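Hi,

Here is the structure I promised to pass on. Please have it open while you read the notes below.

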Amino acid sequence: MTSTSSYSYLHKSPQDVLNDIDFQLTLEPALLTKLTKAFLEEINVGLGRYGEDMAMVPSFVTGVPDGSEVGTFLALDLGGTNLRVCEVVLNGDKTFRLRQQKYKVSDQLKTGEATVLFDYLADSVDAFLTTHPPESPTSPISDVPDVLPLGLTFSFPVEQTALGSGTILTWTKGFSAKNAIGNDVVKLLQDAFDRKHMHVKCVALVNDTVGALLSRAYTSGGCMLGAIFGTGTNGAYLEEVAKIPKLANNPAATKGGYMVVNTEWGAFNNKRTHLPSTPFDSALDRTSINPRFQAFEKFISGMYLGEITRHILLSLIDAAPRPMLFGGKATKVVNDQWGLDTSVMSEVEEAWEMRVTVDPTVAKDLDGVGNINEIGAEPRSFPGEIGENLLWDGDDHDILPRWDILSTPEGLASLNPKVKEKLERVRKVLVNRLEYADGDVELRDAAIVRWTCHLVARRAALLSGVAVAAILLQTGRATFIQDGQNGQTVPSTTEEPTSKKVNGANGTHDVNGLSKVTGTIKDGLEEKIGVGVDGSLIQFYPHFERTMRESLRSIVGSDAESRVEIGLAKDGSGVGAALCALQALKQGF
Ligand code: ADP
Ligand code: MG
């Protein structure tokens, strides 16, 4: 399917067109604070009632692991680009072993009959067991020793009713299988296993965000938030049961304590009253499979950033009276809906930065933002020329192309040679990834596309910071910083946090300084706030985490921000499902 752009650029100079787009996609700190307040309100509405946009799903997981858990489990992960089947061995010393196989999920399966999709899931588990017969004995289900226990990671909105059952509320991320919504996803899967007479029992249902939280807690010893920035975005955190009124008379409510809540924050502000929507966002939404749903996710996640960028580029290609990009030519990649993958944006930004791989500890000193963590344990890169005044207005991070300089031979000749080299690298990426002929892409086009990618991704990372800040505020781990403009403290919209009592200096930490209940790691006087993340966007997009931290600082200040320890939830969906299956067996499934 192709889509046309319909943005009027008449009566504007090319520079004004660029300025306008820049203005529309730039977020001020005051807006981030406002969005965070609205986010907190939706959190509490969702905790109070079922059926709200932000579903705030209780997971029935009532604590986080500490790394001592032991067992062998099967895990099945459905929820994004791939389907994964794994065998997870928890060693009980914060380490695990994992064998896995990925399987493709075709569009036909995503949008066809649910039974066909679930039969495919069962077939995939069957195929995995054939090629990977269990090495270590799996943890037995009490009275049926030859049945393999499996944890299902299902990363779509589900209203969970127990650890091992939950009703599908809606599909997201391009799925729309028929006759699934309203049904128990565990039953759909178990029925498929049973139809094939397989000796597999699905004992636990877990969202990938809950999995990220649990697996990060298992490997690091403490974690309070699991967050995904991949195909979609979502987060799960540890909440006080007393603050989940909608549990009402559920036995889980009477026990008190804590429960992991899957926020389904991708649906924040579906009414779009606060989100900074542009015509490009509206175009994306209108032509998506789920218009008016998952509004927040559509500003943030990997499935959508390329598509927003594509809409902006098309509007410049089609600009009247004269095209402003690629001489008015559009390739298939640029013309087809979803044609431009978010990884292209990453590549464009990397090319611009002329990334060099350095020792991560050195990078930490150089950029001075302390964002090196386990993600950064892999070779990490950083911009080649930090702080150099390179080009037209702005610095290396904020470059609004100057049409006059980029449009004349004299202007181009006046460019810093390093800038020219960077633009030439970007130009090559565009020729390659957008499938243009070499002669169709000028340095000016390279500058415009790089700037567009940067604007779209920066907005996404700043908005991601809003979600993390809201969870810190909700759990009493941070407060809004003073509003610089009028010198007043911005009050939190939530009541006085009660969790402080538990997390504070006089709290209930065990001898290792680990608060098993709240997922906070105590480190000297400072309490580190563990956040486990997963997803290609946060792992691979240049500076995504750094920009997210910039957002956090502008909302809750640098003290709170610096206590946040972001780390990769390695194999979160697999290990998380295993940890959940273990909890289900302990509860006597
Ligand atoms: P999932 O969320 O489905 O489990 P991922 O975390 O791998 O899977 O996320 C896939 C999404 O990430 C896709 O939307 C893809 O466009 C995007 N993506 C893949 N590679 C990159 C990259 N290098 N930089 C940014 N985004 C990427
Ligand atoms: Mg994933």
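Bear in mind that this is a predicted model. I start with helix 6, then turn to the sheet and to a helix pair.

Helix 6 (residues 208–220) lies across strand 3, strand 4, strand 5 (148–154) and strand 8. Its direction is at about 90° to strand 8.

Now the sheet under discussion. It is open and has 5 strands, in the order 4-3-2-5-8. The pairing is mixed. Strand 4 (96–104) and strand 8 (200–206) stand at the edges. Each has a single partner strand, so one side of each is left without a neighbour in the sheet. From one strand to the next, the twist averages 25°.

One pairing is worth a look in detail. Strand 3 (residues 82–91) and strand 4 run antiparallel, and 9 bridges join them. To find your place there, take leucine 83: its bridge partner in strand 4 is tyrosine 103.

Next, the helix pair. Helix 2 (residues 29–48) and helix 20 (residues 544–563) have axes that come within 9 Å. They cross at roughly 75°. Angles of 65 to 115 degrees count as roughly perpendicular, so helix 2 is roughly perpendicular to helix 20.

Which residues make the contact? Helix 2 brings Pro29, Leu32, Thr33 and Thr36. Helix 20 brings Ser551, Ser554 and Ile555. By class, the contact of helix 2 with helix 20 has 3 nonpolar and 4 polar residues. Charged residues are absent from this contact.

Best wishes

Definitions and conventions:
Residues are numbered from 1 along each chain as its sequence is written. Chains are lettered from A and ligands numbered from 1 in the order in which they are written. This is a predicted model: local features need pLDDT of at least 70, side-chain atom pairs count only at pLDDT 80 or more; totals for chains, interfaces and linings use all residues. Side-chain values use heavy atoms; hydrogens and water are left out. Axes are lines fitted to C-alpha atoms, for helices over the stretch in contact, and angles run from 0 to 180 degrees between N-to-C directions. Helices (H or I, at least four residues) and strands (E, at least two) are DSSP runs, numbered from the N terminus. Angles under 35 degrees count as roughly parallel, over 145 as roughly antiparallel, 65 to 115 as roughly perpendicular and the rest as oblique. Contact means heavy atoms within 4.5 Å. Ala, Val, Leu, Ile, Met, Phe, Trp, Tyr, Cys and Pro count as nonpolar, Asp, Glu, Lys and Arg as charged, and the others, Gly among them, as polar. Two strands pair if DSSP finds at least two bridges between them.
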